[in-house]
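Please look over the structure shown here before reading on. Some questions and answers follow it.

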Amino acid sequence: MTARIHPSSVVEDGARLGDGVVVGPFCVVGPEAVLADGVELVSHVSLAGRTELGPGVKIYPFASIGHPPQDLKYRGEPSRVTVGARTVIREQVTINPGTEGGGMLTSIGEDCLIMVGAHVAHDCRVGNHVILVNNATLAGHVTVGDHAILGGLSAVHQWVRIGPHSFLGGLSGLENDLIPYGSALGDRARLGGLNLVGLRRRAFERESIHKLRAAYRMLFSDEGTLMERVGDVAAMFADEPLVMEVVDFVRAGGDRALCMPRAGREA
């Protein structure tokens, strides 16, 4: 089955369109874009640069994907945007390609929902099953783990890491790394506990959740240094994958500090 292209749209020579692609009215598809089977551009979508859309991706009106990043260091290098299978990108979303200083790639995983007005900046890595609620914004070089949810009007500082299965509340400004399974909220977001709702909805075992809660209390207690507490947690819960995922995240570190509870001490 060939692609269906509305006569008001422009698909430039060189663009590659798979079977069953639908390009609705008033879209512009650049010459280096790649649209896999079953992609649908509803209308008024602009695809530029080296943008690759996986099978079944659906993009709504006035989304802008692959245009040059908002980074003064960008010098036209041939960087890319990739969007995984079945991801839905709603109206007015902007996604910028990578830069030489960030690996030349901005990537969105599979089965994501990027809602109205969200922004994914250069060199971000967004995992699978991620939800960015309306007007959530990621600065450059942000990493978002699988199944994370970012609330509406939230903003994430550059280079921040957001762990899998975590939750960032609406209207929050996240400046520091959010642990896997964590929940954060606030103008300058602080760790508020675990994302227990998400854990239960995704049918994690009750015993694993209990161990994760116990490890969380140890990790963010007032005794010793953070790394001492990490060592204690690792020794006590070495057989629990959820806990060890948090331990590995903290040990790996990054460019930002760790998002801490309001009553806790900074890393």
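The questions below take this predicted model through its sheets, a hairpin, a helix and two buried residues.

Q: In the open sheet of 9 strands, which strands stand at the edges?
A: The order of this open sheet is β2-β5-β8-β11-β14-β17-β20-β23-β26, and the pairing is parallel. A strand at the edge has a single partner strand, so one side of it is left without a neighbour in the sheet. The strands in that position are β2 (10-11) and β26 (173-174).

Q: Inside that sheet, what is the bridge partner of V29 in β8?
A: Strand β5 covers residues 28-29 and strand β8 covers residues 46-47. The two run parallel and are joined by 2 bridges. In β8, the partner of V29 is L47.

Q: Which strands stand at the edges of the open sheet of 11 strands?
A: This sheet has mixed pairing, in the order β1-β4-β7-β10-β13-β16-β19-β22-β25-β27-β28. Each edge strand has a single partner, so one of its sides lacks a neighbour in the sheet. The edge strands are β1 (4-5) and β28.

Q: What is the bridge partner of L132 in β22?
A: Strand β19 (residues 131-132) runs parallel to β22, and 2 bridges join them. Across this pairing, the partner of L132 is L150.

Q: Where β25 and β27 pair, what is the bridge partner of L168 in β27?
A: Strand β25 spans residues 167-168 and pairs with β27 in the parallel sense over 2 bridges. The partner of L168 in β27 is A184.

Q: Which residue in the turn of the hairpin of β27 and β28 has a positive phi?
A: Strand β27 (residues 182-185) pairs with β28 in the antiparallel sense over 4 bridges. The bridge partner of G182 is L194, and L185 stands opposite R190. The hairpin has 4 residues between its strands, and the turn residue with a positive phi, about 135°, is G186.

Q: Along β27, which side chains point to one face and are buried?
A: In a regular strand the side chains alternate between the two faces of the sheet. β27 shows this alternation, with S183 and L185 pointing to a face where they are not buried. Those that point to the other face and are buried are G182 and A184.

Q: How many of the 5 residues of strand β28 are buried?
A: Strand β28 runs over residues 190-194. It is largely enclosed by the rest of the structure, because the number of its residues that are buried is 4.

Q: How far apart are the end C-alpha atoms of helix α4?
A: Helix α4 has 12 residues (residues 241-252). At 1.5 Å a residue it should span 16 Å. The end C-alpha atoms agree with this, being apart by 16 Å.

Q: Which residue caps the N-terminal end of α4?
A: The cap places a side-chain oxygen 3.2 Å from the backbone nitrogen of L242. The residue that supplies this oxygen is E240.

Q: What covers the buried residues of α4?
A: The buried residues of this helix are L242, V243, M244, V246, V247, F249 and V250. What covers them includes β24 (161-162), α1 (196-201), α2 (206-219) and α3 (226-236).

Q: At what angle do α2 and α4 pack?
A: From α2, the residues S208, K211, L212, A215 and L219 meet L242, V243 and V246 of α4. This contact divides into 6 nonpolar residues, 1 polar and 1 charged. The helix axes are 8 Å apart, and the angle is about 30°.

Q: Is R161 in β24 buried or exposed?
A: The residues in contact with R161, leaving aside neighbours within four places in sequence, include T143, D177, L178 and F249. Its side chain also reaches the backbone oxygen of G253 at 3.4 Å; G253 comes just after α4 and takes a positive phi of about 60°. With a relative accessible area of 17%, R161 is buried.

Q: What separates the C-alpha atoms of A148 and H165?
A: A148 is in the loop between β21 (143-144) and β22 (149-150), and counts as buried at 0% relative accessibility. Not counting residues up to four places away in sequence, A148 touches H165 and others, including H129, V130 and I162. A148 and H165 are 17 residues apart along the chain, and their C-alpha atoms are separated by 4.6 Å.

Note on methods:
Residues are numbered from 1 along each chain as its sequence is written. This is a predicted model: local features need pLDDT of at least 70, side-chain atom pairs count only at pLDDT 80 or more; totals for chains, interfaces and linings use all residues. Side-chain values use heavy atoms; hydrogens and water are left out. The expected span of a helix is 1.5 Å times one less than its number of residues. Buried means under 20% relative accessible area, exposed over 50%, partly exposed in between (1.4 Å probe, protein chains only). Contact means heavy atoms within 4.5 Å. A polar contact is a pair of N or O atoms within 3.5 Å; within protein, one must be able to donate a hydrogen and the other to accept it, and residues adjacent in sequence count only if both atoms are side-chain atoms. Two strands pair if DSSP finds at least two bridges between them. Axes are lines fitted to C-alpha atoms, for helices over the stretch in contact, and angles run from 0 to 180 degrees between N-to-C directions. Ala, Val, Leu, Ile, Met, Phe, Trp, Tyr, Cys and Pro count as nonpolar, Asp, Glu, Lys and Arg as charged, and the others, Gly among them, as polar.
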